[in-house]
Amino acid sequence: MKMNEEEMSDNEILPSLSSSTASSSTSEAKTFVYIRDEAKGWVPATLQNRDEGDTVIVECDDGKMKTIKLKDYGPTRQLPLQCINSTHGKIESDLRDLPYLHEANVLYNLKERFEKKNAIYTRAHDRVLIAINPFRWIDGIYAEKERILYADQLVWRANKISSTKPLPPHLYEVSSLAMKGVQEEKYDQTIIVSGESGSGKTVASKIIMSHLATFHSLKKAYVAQLKVEMKEELKKEKQKKKLTALKTPHYIGSALFFVKTTIENSCFVALFMWSFVRRAPAIDREKQQKEENTKLQDELKSFESESFDIDAPDEVKDDDEPEEMKQSNLIVQRVLDSNPLLEAFGNAKTQWNDNSSRFSRHSKLQFDINHGCNIAGSICETFLLEKSRVIGNSKKLKSASGSERTFHIFHQLFEAPETDRTKIWKGLAGKDSSSFKYIGSNPCTDSYTDQDAWKNTIAALHTLGIHGKASQSMLRALVIVMQLGNLTFEADPADPEGSVIASLHELDALSELIGIPSADISRCLTFKTVTAVNDTYSVPLNTALAASTCDAFAKQIYSVLFDWLVERTNDATCAARNYTLATESTKYCNVAALDLFGFECHDENNFEQLLINHSNERLQQSFTENIINSVMKEYESEGIKMEHIDREDNEMVLKTLEGKMGLVPLLNEECIRPRGNDAGFVNKIYANHSTVRLNAPLVFKKKYNLVATQFGIRHFAGVVDYDATGFVEKNRDTLSSDVIEVAGSSTNGIVCRLPLSYQRKSKRKGCLVGVSLWTKFGNQMKELFQTISKTRVTYVRCIVPNKCKEPEDFDLACVLNQLRSVGLLSALKISHASFPNKQTFCTVLQRFWFTVPPAFDARKLRQKYRFGRIPDRADEKEMRKDCDTLLALLFNSLEISEENCSDQAPYIMGKTRVYFRTGMLEDAEKERTKMINSHAAMMQGCVRGWLMRKRLEEGRIDERKQPSTFAFNNRLAPLFVVPMTICRFIFGVRIPKSTNVL
């Protein structure tokens with residue numbers, strides 16, 4: 001009975017024997033590689049054969065055959081290999097453990113962990129963690145037991161626990177190691193969180209800071225739990241003691257019991273004695289802290305009855321955040337509540353993220369190292385607030401088709417109860433967001449509602465002590481900003497070159513809010529005072545300039561409001577004002593979290609994108625230097641001497657941006673020039689910088705011949721095209737002296753602070769000329785990274801798995817672009833520039849033991865590690881010596897090319913592992929595969945001969961028949977499993993069923 005093709009493919013255990021099959025018995029084992037793909041970046045494939053030229057034929061996973069040109073794969077002309085001993089790559093929680101370190105293996109390792117193991121954290125370095133946004137909360141990943149686990153094993157009992165299995169990578173690992181550095185080394189720590197919008201930077205920073213802020217309370221709960229466990233252990237020991245009481249004298253049994261209990265429970269006893277010894281001062285500190293908390297809470301409740309106030313909500317929704325956000329300690333609560341408050345005023349909905357931070361933040365947690373590293377307070381520094389989002393009429397917001405909106409606080413205001421809105425201003429009664437042009441429609445976010453967010457904001461304001469007149473001035477300043485957007489301008493009938501305010505009703509409402517006469521507001525917005533020598537002139541503004549002045553006024557008010565809020569938050573959380581145990585000799589250690597904008601490259605890139613990418617260039621420079629230093633320490637600890645490591649840096653880009661003739665001074669010069677404009681700035685760029693030089697940071701001007709205001713820069717993450725329209729005006733960041741003077745006379749406590757935000761150095765053309773915005777930002781970056789350089793830095797690189805914000809969806813091309821843009825791949829290449837591959841002694845001996853030549857002097861080594869078994873009493877020094885001998889014999893038997901070795905040793909022995917030079921581990925693997933094929937062919941020949949003789953003896957075939965033309969019976973197929981099993985057991989290689997090995 002014949003079988004059809006489908007039945008054969010499903011039921012046939014082994015393929016039929018033919019002449020082609022016999023000839024392929026000595027062919028090499030399959031090689032699994034990666035090839036480039038336009039849609040996915042890299043796709044796995046199987047190498048079939050190599051042509052005589054520079055081309056190879058591969059088979060993709062979908063069964064398609066492709067011809068690959070090796071010249072497209074760099075100077076080595078080699079396809080990147082998949083990880084050893086696996087068809088689709090070995091999944092590692094630490095990227096450094098990948099035997100072949102290249103971007104394809106890194107990409108698929110992250111994919112396998114994300115999809116199969118639901119693991120969103122991967123370790124790339126001792127100080128680099130990759131965090132993938134899952135777009136959902138994962139059950140149990142942020143539970144209290146997890147926080148205690150990482151704190152216990154990495155901080156509290158780090159030197160007492162000998163764990164053979166390391167903890168999986170986690171944000172709690174980053175925060176715990178930072179706390180360990182504070183407690184043991186008394187050294188400041190910095191955690192830099194970066195990534196694209198929507199990558200989860202805000203949530204990651206919040207989780208890290210919350211874990212650090214709650215360390216003290218976690219330790220109290222942990223010590224209490226240990227006491228309970230210790231009591232249970234003591235009860236068990238008492239029961240055992242009763243059994244031996246009759247055999248042992250009482251005093252001897254007590255002594256033995258005490259010694260035995262002390263030895264077995266040393267950790268518990270140590271913690272118990274520590275808490276007992278420090279009990280008295282701890283009780284005093286707790287009393288002082290409770291009294292201070294009671295006093296502060298009484299102050300919060302004792303609001304002035306005659307002043308404005310909005311009652312705090314009884315219930316606050318936590319937006320499905322972990323329970324760790326709730327704390328009883330008032331200082332900790334203030335530190336945690338500052339996050340949602342700054343998010344309300346500094347975050348907005350974008351087309352990439354519902355809660356995108358539109359500012360960068362540098363938060364410091366202060367710990368008292370004299371009192372057990374208790375949290376004493378926090379300080380926050382902000383910069384690069386996206387003020388243009390306030391007016392809501394930017395091109396980006398218009399082109400987003402409703403997916404973008406202004407800051408959260410404006411939309412929360414209109415979801416507040418009617419009574420709260422009328423307390424702020426009676427004119428808000430019966431109005432919604434569409435009543436104000438700056439706000440427009442109110443698209444709801446997917447993650448939470450504005451009504452719940454309003455309750456969180458008010459509760460945070462109450463916790464931080466912002467109430468009464470201060471709260472009234474702050475919320476009314478928001479209304480002033482919105483009301484400025486409702487002013488409309490038209491040409492002055494008496495002067496066509498001038499303008500007047502057409503919406504008189506809106507002007508009167510603004511006058512009531514801001515406390516300035518309508519005539520003064522109208523004059524400062526439609527006229528500009530110009531001073532020439534000793535004469536002063538009042539120049540009218542046309543409708544476009546008047547509207548631009550109004551927008552600038554609104555943006556500056558909001559900037560002042562945000563700075564004031566940060567200042568009040570620092571006053572409520574800093575240790576100097578709130579820590580009750582603070583003295584003149586109190587020393588604080590800081591753990592800082594830096595939440596930076598990610599690298600941005602949109603269809604239209606403006607001044608804001610240039611500043612953001614400038615900060616990322618600074619970050620990348622710091623990142624590269626720190627990684628190199630850590631690698632040098634690793635080599636030093638392994639006893640490896642390194643003279644120099646070649647690396648790619650972004651020094652040329654930074655020199656182009658901030659050098660003597662860089663973009664910053666050129667733009668400042670154009671801002672001071674009487675008729676400075678954006679096109680002149682671009683012309684100066686190309687006049688002072690060459691585009692012909694190799695790897696020049698500036699893109700050729702010919703690319704932008706049609707547009708005079710466009711230029712391009714080759715950043716470390718890729719080329720970005722910029723449109724310089726508005727650069728000069730945005731960099732000036734100034735208001736007319738008339739607006740500043742009128743703002744100073746406002747009755748609103750926020751608006752009247754506006755003149756203080758300008759440095760009055762000199763007057764020119766009626767504007768107060770001070771430090772430009774880019775110069776101010778550049779100075780902040782220099783000071784920031786100078787401060788960071790004095791701390792121990794850890795990096796958290798956040799990744800967006802897909803642009804659609806879908807959970808469990810891993811877009812290969814999207815992730816690969818981010819890995820390149822954050823500089824992670826280049827940093828990994830730098831860290832493995834000289835020795836890209838490394839293996840432990842045990843791994844080398846297990847994989848290559850049978851490659852030792854069967855010479856007399858090597859028999860003992862071959863016999864010692866036969867079948868890849870490591871002796872139970874193997875010494876590290878002995879294994880190191882045997883590993884060196886094995887590799888020396890192996891590489892001596894190979895023909896190593898000069899290109900791969902370059903007259904240097906193919907490997908270097910460290911103290912704990914072997915470091916291979918480029919291509920050396922691949923050559924060793926090829927020799928191993930070759931020997932496996934040779935042994936497999938020998939076993940196959942033996943089995944074939946036995947089967948042939950068996951069938952001849954049974955007389956089932958004709959002797960004259962060619963032995964290669966018959967088909968094996970399926971009942972004999974299981975006999976072929978024997979050599980496969982032997983190969984798999986001895987050599988650690990799995991031969992797929994679909995392979996024609998017989």
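**Exercise 1.** Determine whether Ser197 is buried or exposed, and describe its surroundings.

*Solution.* Step 1: Ser197 has a relative accessible area of 16%. Buried means under 20% relative accessible area, exposed over 50%, and partly exposed in between (1.4 Å probe, protein chains only). Ser197 is therefore buried. The model is predicted: local features need pLDDT of at least 70, side-chain atom pairs count only at pLDDT 80 or more, and totals for chains, interfaces and linings use all residues. Residues are numbered from 1 along each chain as its sequence is written, and side-chain values use heavy atoms, without hydrogens and water.

Step 2: Ser197 sits in the loop between strand 7 (189-195) and helix 6 (201-213). Helices (H or I, at least four residues) and strands (E, at least two) are DSSP runs, numbered from the N terminus.

Step 3: Neighbours within four places in sequence aside, Ser197 is in contact (heavy atoms within 4.5 Å) with residues including Thr350, Arg358 and Val800.

**Exercise 2.** State where Gly198 is found and whether it is buried or exposed.

*Solution.* Step 1: Gly198 belongs to the loop between strand 7 and helix 6. Step 2: Its relative accessibility is 5%, so Gly198 counts as buried. Step 3: With neighbours within four places in sequence left aside, its contacts include Asn133, Phe135 and Val800.

**Exercise 3.** Which residues does UniProt list for "binding site"?

*Solution.* The unreviewed UniProt entry lists Gly195, Glu196, Ser197, Gly198, Ser199, Gly200, Lys201 and Thr202. UniProt positions follow the numbering used here, feature names are shortened, and annotations may be inferred rather than shown by experiment.
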